[in-house]
Amino acid sequence: MDSQRAKARALEAEIAALRRACIETQAPGDDDSQVRKSFQETHQSNSEEWGLSKDLRSHLGSLESELQFLSRLTGISIRNYCKNTEDLTNTEMAEKSIKKVLQRHRLSGNCHMITFQLEFQILEIQDKESLSSVITDLSIIMEPTEYSELSEFVSRAEEKRDLLMFFRSLRFFVEWCDYRKRTFKHFKEKYPEAVQLSEGASSSCMGIRNPSQPGFELVIVWRIQIDEEGKVLPKLDLLTKVPLRALELDKNRVIETAPLSFRTLLGVLGIEATLESLIKSFCTEESS
């Protein structure tokens with residue numbers, strides 16, 4: 001027991017000596033409470049940064065989900081975007097609590113198969129009561145496409161500086177182009193001998209021929225127009241190609257009035273049913 005007590009006293013003395021050595025080697029002004037406080041502050045700071053980082057990641061994930069949803073809904077995807085801001089507020093405006101800011105935006109993206117680049121400026125003027133924004137400049141660059149209808153529309157959108165009209169009309173234009181392509185492809189697959197697509201399914205024209213009647217052909221011209229207000233409308237016309245002798249024998253002027261009858265039929269049956277009816281009536285044995 002005595003030997004054990006002696007060992008315990010020796011350990012206590014050694015611990016006390018180590019404590020004194022620690023105090024002597026500690027930097028001036030430092031103490032245990034300051035060290036603990038510093039550790040707690042560092043831990044708290046890291047915890048706050050971690051919580052903020054988690055919130056930012058969560059918010060970013062939410063924004064990405066919303067953007068993906070809008071892309072699927074509209075068909076418009078934005079790939080690159082940048083923004084520069086210039087403060088145009090002068091001293092006189094500042095005294096009247098008026099703020100004037102010019103925003104320069106640049107973005108690129110695509111609407112299905114059509115790609116585009118936009119550069120536009122927005123002038124914002126804010127006072128105590130209101131905030132006004134106006135697009136002062138708009139430049140649209142479209143990569144070359146087979147859709148000639150777009151060039152005139154882009155020039156009109158730039159002239160009007162109407163960004164909303166550009167995106168809205170572009171979306172509906174692309175949807176109509178896709179519908180035209182699917183419709184032509186459907187009839188080509190269903191009537192491969194009668195239907196001719198000189199430029200493939202993306203063509204704006206569809207030829208209808210009766211193999212038993214060479215020299216006779218009907219041509220469907222399907223244009224997609226964008227009016228002054230940006231409204232997208234399909235426009236279908238019927239052209240006839242027949243031998244001169246057939247025109248002379250057409251006493252009832254059936255060939256001459258065919259385009260008008262075609263437009264009337266469109267209003268009654270719709271596009272697909274009209275084309276189906278036309279192909280069947282022109283290519284059946286009875287019509288031959």
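**Aromatic pairs, two antiparallel sheets and a pocket**

A search of the whole structure, which is a predicted model, finds 7 aromatic pairs. In one of them, formed by Trp 176 and Tyr 179, the ring centres lie 5.7 Å apart and the planes stand at 70°, so the pair is edge-to-face. An angle over 60 degrees is what places a pair in this class. Trp 176 and Tyr 179 both belong to helix H5 and, being 3 residues apart, are separated by about one helical turn. Helix H5 also appears below in the description of each sheet, with contacts to S1, S2, S3 and S4 and to S5, S6, S7 and S8.

Strands S1, S2, S3 and S4 form an open sheet in the order S1-S2-S3-S4, and their pairing is antiparallel. Its edges are strand S1 (76–87) and strand S4, each of which pairs on one side only. On average, neighbouring strands of this sheet are turned by 15° against each other, direction ignored. Strand S2 (residues 99–111) and S3 are paired in the antiparallel sense over 13 bridges. Within this pairing, His 105 has Phe 120 of S3 as its bridge partner, and Leu 107 is bridged to Leu 118, also in S3. Helix H4 (residues 149–160) packs on this sheet through contacts with S3 and S4, and its direction makes about 155° with that of S4. Helix H5 packs on the sheet as well, touching S1, S2, S3 and S4, with a direction at about 155° to that of S3.

The turn between S2 and S3 belongs to a hairpin with 2 residues between the strands, where His 112 takes a positive phi near 55°. Strand S3 (residues 114–126) then pairs with strand S4 (residues 131–142) through 11 bridges, and these two strands run antiparallel. A hairpin of 4 residues provides the connection from S3 to S4. Glu 124 has Ser 133 of S4 as its bridge partner, while Leu 123 is matched with Val 134 in S4.

The other open sheet described here contains 4 strands in the order S5-S6-S7-S8, again with antiparallel pairing. Strand S5 (195–196) and strand S8 (232–241) stand at the edges with a single partner strand each, so one side of each has no neighbour in the sheet. Helix H5 (residues 163–190) packs on this sheet and touches S5, strand S6 (205–209), S7 and S8; the helix direction makes about 165° with that of S7. Helix H8 (residues 271–283) lies across S5, S6, S7 and S8 and runs at about 30° to S6.

Strand S7 (residues 217–226) is joined to S8 by 10 bridges, the two strands running antiparallel. Two of the residue pairings illustrate this: Trp 222 is bridged to Leu 236 of S8, and Ile 226 to Val 232 of S8. Between S7 and S8 lies a hairpin turn of 5 residues, in which Gly 230 has a positive phi of about 90°.

Open space in the model was examined as well. Rolling a probe the size of a water molecule over the atoms shows where empty space is left. The second largest pocket has a volume of about 160 Å³. Its lining consists of Glu 146, Tyr 147, Ser 148, Glu 149, Arg 180, Glu 199, Ser 202, Ser 203, Ser 204 and Arg 223. By class, this lining comprises 1 nonpolar, 4 polar and 5 charged residues.

Technical notes:
Residues numbered from 1 in each chain as written. Predicted model: local features only at pLDDT ≥ 70, side-chain atom pairs only at ≥ 80, totals over all residues. Heavy atoms only, no water. Pairing = 2+ DSSP bridges. 1 Å grid on protein atoms, 1.4 Å probe; cavity = no way out; pocket = protein on both sides within 12 Å on 5 of 7 lines; lining within 4 Å. Points joined across faces, edges and corners; volume = space filled by probe spheres on them. Nonpolar A, V, L, I, M, F, W, Y, C, P; charged D, E, K, R; others polar. Contact = heavy atoms within 4.5 Å. Axes fitted to C-alpha atoms, helices over the stretch in contact; angles between N-to-C directions. Phe/Tyr/Trp six-rings, centres within 6.5 Å; stacked < 30°, edge-to-face > 60°.
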